Amino acid sequence: MLRLLTAGESHGQAVTGILEGMPAGVRLSKEKINSYLSKRQSGYGRGGRMKIEKDCIQILSGVRGGITLGSPISFMVVNKDYENWVEGMDPFEGNLNYKQVHHPRPGHADLAGALKYGFDDMRHVLERSSARETTARVAAGSIAGHILSNFNIEWASHVRQIGSVSIREKEVAFDALKKAEHSSVRCICKQTEEEMIKEIDTAKAKGDTLGGIIEVQISGLPVGLGSYTHWDRKLDGKLASSLMSIQGIKAVEIGDGFEGVVQSGSLIHDEIFYEEKKGFYHKTNHAGGIEGGMSNGEVLIVRCGMKPIPTLMKPLKTVDFHQKTPHDAAVERSDTCAVPAAAIVAEAAAIFVLADAFMETFGADSMKEMKERWKK
Ligand SMILES: Cc1cc2nc3c(=O)[nH]c(=O)nc-3n(C[C@H](O)[C@H](O)[C@H](O)COP(=O)(O)O)c2cc1C
Ligand SMILES: C=C(O[C@@H]1CC(C(=O)O)=C[C@@H](OP(=O)(O)O)[C@H]1O)C(=O)O
């Protein structure tokens, strides 16, 4: 079983993680992990912070000579911005009066977090609720993804919608997703990309923010990852939980999702066929590759809806936490739109779940053992 613990404040020294349960004998590529971390930092619409950071993984344990040992893998990614925050963020010497936050941002964790933990400074909340944490999830997803790559399982993502601008295609084939890699908004269509960029520029000029829709696809999965036998073993349930926990994600759908539920059964279920060479197969994939909580051998398709970024340069109305009087919400700097970045986080979150499900079915101690079981 793969388990991940993450730690770290957004402007603290580093984001760290402990990944427990990786099998022994998996060859890891540092370049691959770092290039994935840098993809998460990119995307049109990001703010000033991404110009400061250059995320690079440092593995502290569990790997020797590029090979996993089966022991917990601990890692960290240094926050370069910490240098600018030492005065307030040093664990022992930090000045607790430094850049206090008293004006909770609607849509962020500020107010509920401060009330829950009894803080009078919402800096304590935002430092940890920040999506800086997703750096650790992307690092861990990338490491876990090395397991799947050994079995020719591939994944990709694209952005379907930003604000009111969306691609026209209802369905996009897995191979077509490669086009998104060359787009600053991870969009497969050049013309729509331009419209998305314009939409982000307009929002930014108004001091406003945008959300959107992401799609992740995973191809090459075997039949039977996950299980129908118990609620907490269902693959769709595990994916939804992992994806929904990403900062800003408010909706998750598998396959045709919300659009599918209003269709009649005769139109929406994927009929089953058999050919000697192919075995059982479907000609359509409305189910998005999961039936009964198990992968069914088709491409897995999952979409996430991300809400607009809560920190607005033209701040929303809020209330001063102490005076209880009306005030503008807190603002320092912020992304205008982080949907392209969230697509990489969503990929990583999905891969993590699938690597875990894969290990459950094909053994977990070593890569050698997994390959032997896979052959059978
Ligand atoms: C990659 C990424 C970057 C984000 N950047 C910002 C940002 O710059 N400013 C902000 O207010 N929220 C940002 N968010 C969203 C907030 O972290 C999120 O809305 C907040 O933690 C509240 O959680 P919730 O939206 O899941 O309820 C970002 C989210 C992601 C995934
Ligand atoms: C640091 C990252 O994203 C941050 C997520 C975030 C938030 O509130 O979630 C707020 C911003 O941080 P800052 O206030 O330092 O500008 C983003 O830059 C990152 O993605 O690595």
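**Close-up 1. Polar and charged residues around ligand 2.** The shell around ligand 2 in this predicted model splits into 6 polar, 6 charged and 1 nonpolar residue. There are 13 residues around this ligand, and the ones that come nearest are Arg49, Ser130, Ala131, Arg132 and Arg333.

**Close-up 2. Ligand 1 and its shell.** Here we count 21 residues around ligand 1, with Ala131, Gln247, Thr311, Asp335 and Ala338 coming nearest. Sorted by class, that shell holds 10 polar, 9 nonpolar and 2 charged residues. Helix α11 (residues 339-362) chips in with 3 residues, the largest share.

**Close-up 3. Positions tagged "binding site" in UniProt.** The unreviewed UniProt entry puts this label on Arg128, Ser129, Ser130, Gln247, Gly248, Gly292, Lys307, Pro308, Ile309, Pro310, Thr311 and Arg333. They run over 206 residues of sequence and are spread out in space too, with C-alpha atoms up to 44.4 Å apart.

**Close-up 4. Serine 130 in its loop.** Look for serine 130 in the loop that links α5 (123-129) to α6 (134-149). Its C-beta atom has 18 others within 10 Å, so serine 130 counts as partly exposed. This serine is one of the residues that come nearest to ligand 2, and UniProt's unreviewed entry includes it under "binding site".

**Close-up 5. Lysine 307 and its contacts.** Lysine 307 sits in the loop between β15 (300-306) and β16 (317-319). It has 15 C-beta neighbours inside 10 Å and is therefore partly exposed. Leaving aside residues up to four places away in sequence, lysine 307 touches Gly107, Gly211, Gly248 and Lys250. Both Gly248 and Lys307 are among the "binding site" positions in the unreviewed UniProt entry.

How values were computed: Residues are numbered from 1 along each chain as its sequence is written. Chains are lettered from A and ligands numbered from 1 in the order in which they are written. This is a predicted model: local features need pLDDT of at least 70, side-chain atom pairs count only at pLDDT 80 or more; totals for chains, interfaces and linings use all residues. A residue is near a molecule or strand if its C-beta atom, placed from the backbone, lies within 6 Å of it. Ala, Val, Leu, Ile, Met, Phe, Trp, Tyr, Cys and Pro count as nonpolar, Asp, Glu, Lys and Arg as charged, and the others, Gly among them, as polar. UniProt positions are given in the numbering used here, feature names are shortened, and annotations may be inferred rather than shown by experiment. Helices (H or I, at least four residues) and strands (E, at least two) are DSSP runs, numbered from the N terminus. A residue is buried if 20 or more other C-beta atoms lie within 10 Å of its own, exposed if 12 or fewer, and partly exposed in between; C-beta atoms are placed from the backbone. Two residues are in contact if their C-beta atoms, placed from the backbone, lie within 7 Å.
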